[in-house]
Amino acid sequence: MVRRRNRGRARALSLVEKALDFAFKTYMHDPERARGAVMLAIKVAQKKRLRLPLRLRRRFCRKCATPFVGSSTFSVRVRGDKAPHVVLRCKVCGFTRRFHI
């Protein structure tokens, strides 16, 4: 039973990666379709109770599902006030995420 679950999760992860790659390739031509692909990837991961790897989680906005492509969809700041961190801000919805470095 464990093998079957792991096999399903591996398939789900490959499907999530394909959907996100599709979203990044098509965002400039069709932003709504790209957001749909990101939302599909999130739904597949939720259905299989799969935690997305960090490299995939940081490639789209958590609030509006916009893929972070080029500088047209997000802005990056490196802050070092109290604790050094990187600030990613979505230019579509304004959602802000902070990552400590």
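In the predicted model, the side chains of Arg55 and Glu17 form a salt bridge, with 2.6 Å between the closest N and O atoms. Arg55 belongs to helix 3 and Glu17 to helix 1 (residues 2-26), so the pair ties together parts that lie 38 residues apart in sequence. Arg55 has a relative accessible area of 51% and is therefore exposed, the cut-off for that class being over 50%. Glu17, with a relative accessible area of 25%, is partly exposed. In general, side chains of opposite charge can pair when their charged atoms come close.

The count of salt bridges comes to 3. Another of these joins Arg35 to Glu32, at 2.5 Å from N to O. Both Arg35 and Glu32 are placed in helix 2, where 3 residues, or about one turn of the helix, separate them. The two partners fall into opposite classes of accessibility: Arg35 counts as buried at 14% relative accessibility, whereas Glu32 is exposed at 55%. A salt bridge is also formed between Arg79 and Asp81, with the closest N and O atoms 3.8 Å apart; this distance falls within the 4 Å limit for a salt bridge. Arg79 is partly exposed, with a relative accessible area of 32%, and Asp81 counts as exposed at 60% relative accessibility.

The chain as a whole contains 3 helices and 3 strands. Along the sequence these elements follow the pattern α-α-α-β-β-β. The C-alpha trace spans about 50 × 35 × 15 Å along its principal axes. The chain has 101 residues, of which 36% count as buried.

Aromatic contacts were examined next. The structure holds 1 aromatic pair. This pair is made by Phe68 and Phe74, whose ring centres lie 5.0 Å apart with an angle of 40° between the planes, and the arrangement is tilted. The angle lies between the limits of 30 degrees for stacked rings and 60 degrees for edge-to-face rings, and therefore the pair is assigned to the tilted class. Phe68 and Phe74 are both buried. For Phe74 the relative accessible area is 19%, and the residue is classed as buried because the cut-off is under 20%. Phe74 is part of strand 1. The C-alpha atoms of Phe74 and Gly94 are 8.9 Å apart in space, while the two residues are separated by 20 positions in sequence.

Strand 1 (residues 74-79) also includes Val78. Together with Val76 and Ile101, Val78 makes a nonpolar surface patch of about 320 Å². Val78 counts as exposed, at 63% relative accessibility. Strand 1 thus holds both a buried residue of the aromatic pair, Phe74, and an exposed residue of the nonpolar patch, Val78.

A second surface patch is positive and is formed by Arg7, Arg11, Lys47 and Lys48. Among these residues, Lys47 is placed in helix 2 (residues 31-47). The relative accessibility of Lys47 is 71%, and Lys47 therefore counts as exposed. Helix 2 accordingly contains Lys47 of the positive patch as well as the Arg35 and Glu32 salt bridge.

Backbone geometry was considered last. Most residues other than glycine have a negative phi, and most peptide bonds are trans. Arg49 is not a glycine, yet its phi is positive, at about 50°. Arg49 is located in the loop between helix 2 and helix 3 (54-57). With a relative accessible area of 63%, Arg49 is exposed. Ala65 likewise has a positive phi without being a glycine, in this case about 65°. The position of Ala65 is in the loop between helix 3 and strand 1. In contrast to Arg49, which is exposed, Ala65 counts as buried at 5% relative accessibility.

How values were computed. Residues numbered from 1 in each chain as written. Predicted model: local features only at pLDDT ≥ 70, side-chain atom pairs only at ≥ 80, totals over all residues. Heavy atoms only, no water. Patch = residues over 30% accessible without salt bridge, like charges linked within 9 Å, V, L, I, M, F, W, Y side chains within 5 Å. Areas by Shrake-Rupley, 256 points an atom, 1.4 Å probe, with all protein chains shown as cover. Lys, Arg positive; Asp, Glu negative; His and termini not counted. Charge placed at Lys NZ, Arg CZ, Asp CG, Glu CD. Helix = DSSP H or I, 4+ residues; strand = E, 2+ residues; numbered from the N terminus. Buried < 20%, exposed > 50% of the residue type's maximum accessible area, 1.4 Å probe, protein only. Phe/Tyr/Trp six-rings, centres within 6.5 Å; stacked < 30°, edge-to-face > 60°.
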